[in-house]
Amino acid sequence: MKNIPIGQILVENGFLTEEQLQEALRRQKESGGKKLGDMLLELGYVSETQLAHALSIRLKVPFIDLTTTKIDIEAVKKIPEDISKKNCCVAFAMNGQRLTVATDDPINFYIFEELKVISGMEIHAMLATKSAINETINKAYSQQTVSNAMDELNKEYSGAEMSAEELESGERVDNAPIVKLVNTIVETSFHMNASDIHIEPFKDRTRIRLRVDGELIEQMNVKPAVHNSLITRIKILGGMNIAEKRIPLDGRFGMTIDGTNLDVRVSTIPTVYGEKCVIRLLSTADEKTRKITDLGMTLYNYEMFKQIIRCPHGVMLVTGPTGSGKSTTLYATLGELSKPNVNIVTVEDPCEKKIDGINQVQINAKAGLTFAAALRSILRQDPDVVMVGEIRDGETADIAIRAAITGHLVLSTLHTNDAASTILRLIDMGVAPYMVATSLIGIIAQRLVKLLCPDCKEKVTLTEPADLRLVGKDQPVEIYQAHRGGCRTCHNTGFKGRTAIHEIIVTTNDIKELISHDATAEEIGNQAVKNGTRLLRDNVAEMVLAGTTTLDELVKATYSV
């Protein structure tokens, strides 16, 4: 069996077509020594799991899906973290003197001999995908580090409860457990793809919660005695005044986790039981910006979007509430526009991602560098495309619109509920309607919608007339809902990941005429729908019927009275 080529097994099991195999073999020859499996993954012909299943058949080694398997932390501890990471293997179960290890290379017997010596146990190997092994390593060892740091902290603070005076004076900042705990909290949050960490003091505990996919998940509780040292450690990292506890403070620091540079923002505010702290994690890796189609934009909307960015000058606005992915959409747009012969300048507060080939200006209000002041100067920098982080006042709106009229492409964001009301917001800010009509080329309204966990979602039948109207049906229809309590894959939430939904208005001549004649948002919206705009609700209703999100998400994202 071992001699049967992996490609043949993939074809026999229906994972691959003969044509795809031949193409992959041809590319493999050209690449000079790349493994066929890696080539197939690179071309996107097979998934990691399919490849692992085929290897399992070929090598007669059982396959294990780590995402759905219960991991025994005691088994994990048998192998040090650095050995696990170096050899891409993780122990996940033990039975007597037998340790079961997941690996992506089950015929590398040298590794198993090394593990046998380290653990003092018999090793039983199972095959798993590389990404599942790395994810399990990150989760399992960070859990272990958290519990170790918590044990050390509890020992430190249970010996003698520290008095308020001692805490004020000594603060015990440089003790290792606190340093370890802060690092561990940030690392765990990064591995869980959290956007924010909330540290909240109460009478009998300090609660630490993480915001993952827009939802807060309670991660741990620590003793109240630990709270002051924890906040002081974070303040020292953030370059904040540790003696000032009566007013809100802001700070920031950088951190590198698994080779990714993080920009960490810290904000504290005094509450009844002490300072509440929120830490925001921003990945500032000089990464390639994501394509607009990777962000959940449908092909129908993408065609409308392309119409907008083809215009050489004008204003394109992205609107939506805080945290709806507006900046990500703008960065993706800049990625599409960035070419060697185009000069792009951005004005941001703060610069969230550093993009190669784009001139980014950071606002500094204390020094007098406001959005309006920066914009005025930028127009003397001979730009082709200008990106303004946010239009916050009439002055910025006015300069942005004038820049568009004088032949620049201006991209910006605005906080409104839908695409049509954005036009009225600009007019309310004091921009003349005829100026808005001549300069505006398109508006993208967007929201983020949580996606159902594919492993544990449940089928239900929708029969309630009011609910059926929301998805545009009049007969009972089958949809999916989140499983209560979720599963391990989705951190027991029932949801995994988020995607953006969009409502795009291209300002055609008839819409420009309506704007000039002071039309209402409703009239503009109705005309846009006639012109082909798909409303936010239509986009989510499609997703609900396709089984990728829930009716609750539809209501949360688009419901209005």
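Me: Of the 561 residues of the protein, what share count as buried?
Reply: The share that count as buried is 46% of the 561 residues, where buried means under 20% relative accessible area, exposed over 50%, and partly exposed in between, with a 1.4 Å probe and protein chains only. This is a predicted model, in which local features need pLDDT of at least 70 and side-chain atom pairs count only at pLDDT 80 or more, while totals for chains, interfaces and linings use all residues. Residues are numbered from 1 along each chain as its sequence is written, and side-chain values use heavy atoms, with hydrogens and water left out.

Me: How many helices and strands does the protein have?
Reply: There are 22 helices and 18 strands in the protein; both are DSSP runs numbered from the N terminus, helices being H or I over at least four residues and strands E over at least two. The C-alpha atoms fill a box of roughly 80 × 75 × 55 Å along the principal axes.

Me: Why is Thr329 called buried or exposed?
Reply: Thr329, which is found in helix α13 (residues 326-337), has a relative accessibility of 2%, and because that value is under the limit for the term, Thr329 counts as buried. Leaving aside neighbours within four places in sequence, Thr329 is in contact with Ile292, Leu295, Val318, Gln446 and His502, where contact means heavy atoms within 4.5 Å.

Me: What makes His502 count as buried or exposed?
Reply: His502 has its place in strand β18 (residues 495-506), and its relative accessible area is 2%, so His502 is buried. Residues that His502 touches, not counting those up to four places away in sequence, include Leu295, Thr329, Gln446 and Arg534.

Me: Why is Asp518 called buried or exposed?
Reply: The relative accessibility of Asp518 is 55%, a value over the limit for the term, and therefore Asp518 counts as exposed. Asp518 lies in the loop between α19 (509-516) and α20 (521-530), and although Asp518 is not a glycine, it has a positive phi of about 55°.

Me: Where does Cys88 lie, and what makes it count as buried or exposed?
Reply: Cys88 belongs to the loop between α6 (81-87) and β1; its relative accessible area is 8%, so Cys88 is buried. Cys88 is not a glycine either, yet it has a positive phi of about 50°.

Me: Which strands make up the open sheet, and in what order?
Reply: The open sheet has 3 strands in the order β1-β2-β3, with mixed pairing, and two strands are said to pair if DSSP finds at least two bridges between them. The edge strands are β1 (89-95) and β3 (122-127), since each of them pairs on one side only. Neighbouring strands of the sheet are turned by 30° against each other on average, direction ignored.

Me: How do you know that the pairing is mixed?
Reply: Strands of a sheet pair through backbone hydrogen bonds, either parallel or antiparallel. β1 and β2 (residues 98-103) run antiparallel and are joined by 6 bridges, with Cys89 standing opposite Thr103 in β2, whereas β2 and β3 run parallel and are also joined by 6 bridges, with Leu99 standing opposite Ile123 in β3.

Me: What lies between β1 and β2?
Reply: β1 and β2 form a hairpin with 2 residues between them, and Gly96 in the turn has a positive phi of about 65°.

Me: How many residues of β2 are buried?
Reply: β2 is mostly covered, with 5 of its 6 residues buried.

Me: Which residues of the second largest pocket lie nearest its centre?
Reply: Lys35, Asp38, Leu51, Leu55 and Asp104 lie nearest the centre, among the 21 residues of the lining. On a 1 Å grid over the protein atoms alone, a pocket is an open set of points with protein on both sides within 12 Å along at least five of seven lines, and lining residues have an atom within 4 Å of a point. The largest share of the lining, 6 residues, comes from α4, and α3 (36-43) and α4 (48-59) each supply at least two residues.

How values were computed. Axes fitted to C-alpha atoms, helices over the stretch in contact; angles between N-to-C directions. 1 Å grid on protein atoms, 1.4 Å probe; cavity = no way out; pocket = protein on both sides within 12 Å on 5 of 7 lines; lining within 4 Å.
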